[in-house]
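I opened a notebook page for this structure. The entries below record what I looked up.

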Amino acid sequence: MKVAFLGTGLMGQPMAQRLLAADIQVVAYNRTPEKLAPLQAAGAEIVTQPRHAIRAADCIILMLTNAAAIYQVLLSDTAWRTLEGRTIIQMGTITPTESQEIRDTVVGGGGEYLEAPVLGSIPEAKSGQLIVMVGATQSQYQNHLQLLKNFGSEPLLVGPVGTAAALKLALNQLIASMTTSFALSLAFLQRQGVNIESFMQVLRASSLYAPTFDKKLQRMLEENYADPNFPTKHLLKDTDLFISEAKALGLDLGSIESVRHILYTAMKMSFANDDYSSVFSAIKEWGDSSAE
């Protein structure tokens with residue numbers, strides 16, 4: 001099998017490495033060519049045009065930033081003409097509506113399309129322990145199950161195209177909301193002079209606890225957000241996607257719009273490329289400025 005991997009950023013690179021480690025031939029393309037060097041060193045074939053990667057493979061995996069990037073890389077006039085007879089597996093975070101529209105365009109070009117977004121970050125991508133959610137037909141799921149198992153041991157068939165994209169957005173909404181709520185409690189207790197370890201001791205023993213709180217605790221206490229597994233700008237992008245999709249469903253978005261405001265504040269504080277636990281500094285900054 002030869003797989004084209006389009007998009008080799010923070011998540012795409014270790015995922016492509018997993019395929020190479022499984023002796024699967026990989027032809028890789030990235031819009032920022034410098035990011036391809038580790039894959040080339042590991043044995044991947046490198047190309048400078050996406051259509052060359054598509055032509056060289058039967059299966060194309062997308063790990064691109066957003067739907068606009070997919071249209072640019074996969075569905076440009078020159079690339080779209082090469083899709084006939086090929087399978088596209090979309091693994092990034094986009095809306096259900098975008099995924100369904102991309103499917104229709106791929107099918108119109110003679111290819112087949114399924115979505116398989118993932119939950120997890122760089123450590124899980126490196127170890128093959130991502131949670132893989134699949135939007136596809138039963139036969140598509142079975143045909144590509146062994147390939148998807150390189151990224152996570154138990155890929156879950158959620159339903160048709162669009163359902164896995166929706167599940168991924170719902171989970172990322174939880175990431176944003178839970179992390180922001182935890183940061184607010186932490187900042188509140190710091191201002192009240194409460195011992196943080198006492199807080200964590202009670203929290204860990206309660207049904208309120210989530211492991212992500214401990215993962216982000218030290219970053220927040222030190223206000224050190226460097227070397228992110230998931231940067232603030234990406235969580236803001238996913239939050240915007242959730243809001244746009246949920247708005248069409250008539251849901252009350254007051255809570256997540258407040259979270260979006262905090263993420264946007266962190267962006268303005270130059271934390272765009274840092275870890276999203278930077279929401280802690282954004283919350284403290286608001287408190288500091290309002291006290292002046």
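My notes cover the pocket, an annotated stretch and the nonpolar core.

Entry 1, ground rules. I worked from a predicted model, where local features need pLDDT of at least 70, side-chain atom pairs count only at pLDDT 80 or more, and totals for chains, interfaces and linings use all residues. Residues are numbered from 1 along each chain as its sequence is written, and side-chain values use heavy atoms, with hydrogens and water left out.

Entry 2, pocket. I looked up the largest pocket (an open set of points on a 1 Å grid over the protein atoms alone, where a 1.4 Å probe fits, with protein on both sides within 12 Å along at least five of seven lines; lining residues have an atom within 4 Å of a point). Its volume, the space filled by probe spheres set on the points, is about 1,300 Å³. I found 49 lining residues, with Met 11, Gly 120, Ser 121, Asn 229 and Phe 230 nearest the centre. Helix H9 (163–192) gives the largest share of the lining, 7 residues. Domain 1 (2–159) and domain 2 (165–290) each contribute at least three residues; these bounds come from an automatic or database domain assignment.

Entry 3, annotation. An unreviewed UniProt entry labels residues 2–154 "domain: 6-phosphogluconate dehydrogenase NADP-binding"; such annotations may be inferred rather than shown by experiment. I noted 41% helix and 20% strand over residues 2–154, taken as DSSP runs (helices H or I, at least four residues; strands E, at least two).

Entry 4, core. I checked the largest nonpolar core (buried Ala, Val, Leu, Ile, Met, Phe, Trp, Tyr and Cys residues joined through side-chain atoms within 4.5 Å; buried means under 20% relative accessible area, with a 1.4 Å probe and protein chains only). It has 35 residues, and Phe 182 and Leu 186 are among those with the most contacts inside it. H9 gives the most to this core, with 7 residues.

Technical notes:
Buried < 20%, exposed > 50% of the residue type's maximum accessible area, 1.4 Å probe, protein only.
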